[in-house]
Amino acid sequence: MGLGEASARGTSMEGDCLSCIKYLMFVFNFLIFLGGSFLLGVGVWVVVDPTGFREIVAANPLLFTGVYIILAMGGMLFLLGFLGCCGAIRENKCLLLFFFMLILIIFLAELAAAILAFIFREHLTREYFTKELKSHYQGYNNTDVFTSTWNAIMNTFDCCGVNSPEDFEESLFRLINPSEVVPEACCRKNSHPGDVVFSNREECLSGNMLYRNNKGCYSSVVDYFEMYIYVAGALAIVVLTIELFAMVFAMCLFRGIQ
């Protein structure tokens with residue numbers, strides 16, 4: 001009797017533990033599902049956003065590629081969260097194993113992306129953007145993607161150059177337009193309903209500081225998106241942690257199902 005009671009008690013505790021893991025896994029996978037939904041939403045917003053962020057992303061191939069990585073990861077997390085929830089509730093070993101393998105691949109891919117972002121961080125520095133601006137910006141050639149992108153950035157954020165209007169000194173723009181100190185996109189505007197008028201275009205193009213935007217675009221863009229950058233970084237750490245716990249729970253549940 002003593003052995004039977006101990007065995008029954010052990011079986012009961014094991015069942016309770018398995019049930020606890022099952023519902024914990026459901027919760028973690030529901031969080032993964034929500035995280036995937038959020039990443040999908042951010043990726044779609046960046047791709048279709050009409051207010052200028054799309055042009056900013058297009059200015060750098062790494063950022064442009066990153067948007068589609070976010071979309072792909074968001075879609076996969078969305079699907080995996082759903083599969084994990086179903087596998088946990090139904091206690092399906094096949095779904096659980098499939099879920100574990102896929103989330104392991106995603107976890108490793110995200111880790112690799114973070115390492116690559118750290119390695120190539122020099123491509124997001126002021127010096128890199130300044131060198132690119134001096135070498136490729138033409139001013140008024142809107143058929144050139146680089147030029148039209150920079151024009152959109154400067155018009156959207158009311159800024160000029162990467163650091164300041166002085167970035168256009170000894171640049172391709174000055175070679176093409178020797179009579180102009182800064183491009184038209186740097187000029188201050190007086191906004192009227194249904195119309196945009198330059199404060200004084202001629203004075204601006206000649207270099208008068210009173211009629212041009214003097215703040216660099218690097219600072220303007222970083223200031224604007226600073227909060228979003230920290231939120232994205234914090235979210236990435238949370239998602240990686242959740243994925244790690246979800247894999248542990250998936251394997252425990254897989255081994256516990258008879």
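Okay, let's start with Leu39: leaving aside residues up to four places away in sequence, Leu39 touches Ile70, Gly74, Leu77 and Leu235. Before I go on, please keep in mind that what you have in front of you is a predicted model.

So where is Leu39? Look for helix H1, which covers residues 2–48; Leu39 sits in there. And is Leu39 buried or exposed? Its relative accessibility is 16%, and buried means under 20%, so Leu39 counts as buried. One more thing on this residue: take Ala72, which is 33 residues from Leu39 in sequence. In space, C-alpha to C-alpha, Leu39 and Ala72 are 8.9 Å apart.

Now let's jump along the chain and talk about backbone angles. As a bit of background, most residues other than glycine have a negative phi. Here are two residues with a positive one.

The first on my list is Asp158, with a phi near 50 degrees, and Asp158 is not a glycine. You'll find Asp158 in the loop that runs between helix H6 (145–157) and helix H7 (172–176). How accessible is Asp158? The value is 45% relative accessibility, so Asp158 counts as partly exposed.

Next up is Glu170. This is also a residue other than glycine, and its phi is positive, at about 55 degrees. Glu170 lies in the loop between H6 and H7, and that loop is where Asp158 is found too. Buried or exposed, for Glu170? With 80% relative accessibility, and exposed meaning over 50%, Glu170 counts as exposed.

That's my tour; over to you.

Key
Residues are numbered from 1 along each chain as its sequence is written. This is a predicted model: local features need pLDDT of at least 70, side-chain atom pairs count only at pLDDT 80 or more; totals for chains, interfaces and linings use all residues. Side-chain values use heavy atoms; hydrogens and water are left out. Helices (H or I, at least four residues) and strands (E, at least two) are DSSP runs, numbered from the N terminus. Buried means under 20% relative accessible area, exposed over 50%, partly exposed in between (1.4 Å probe, protein chains only). Contact means heavy atoms within 4.5 Å.
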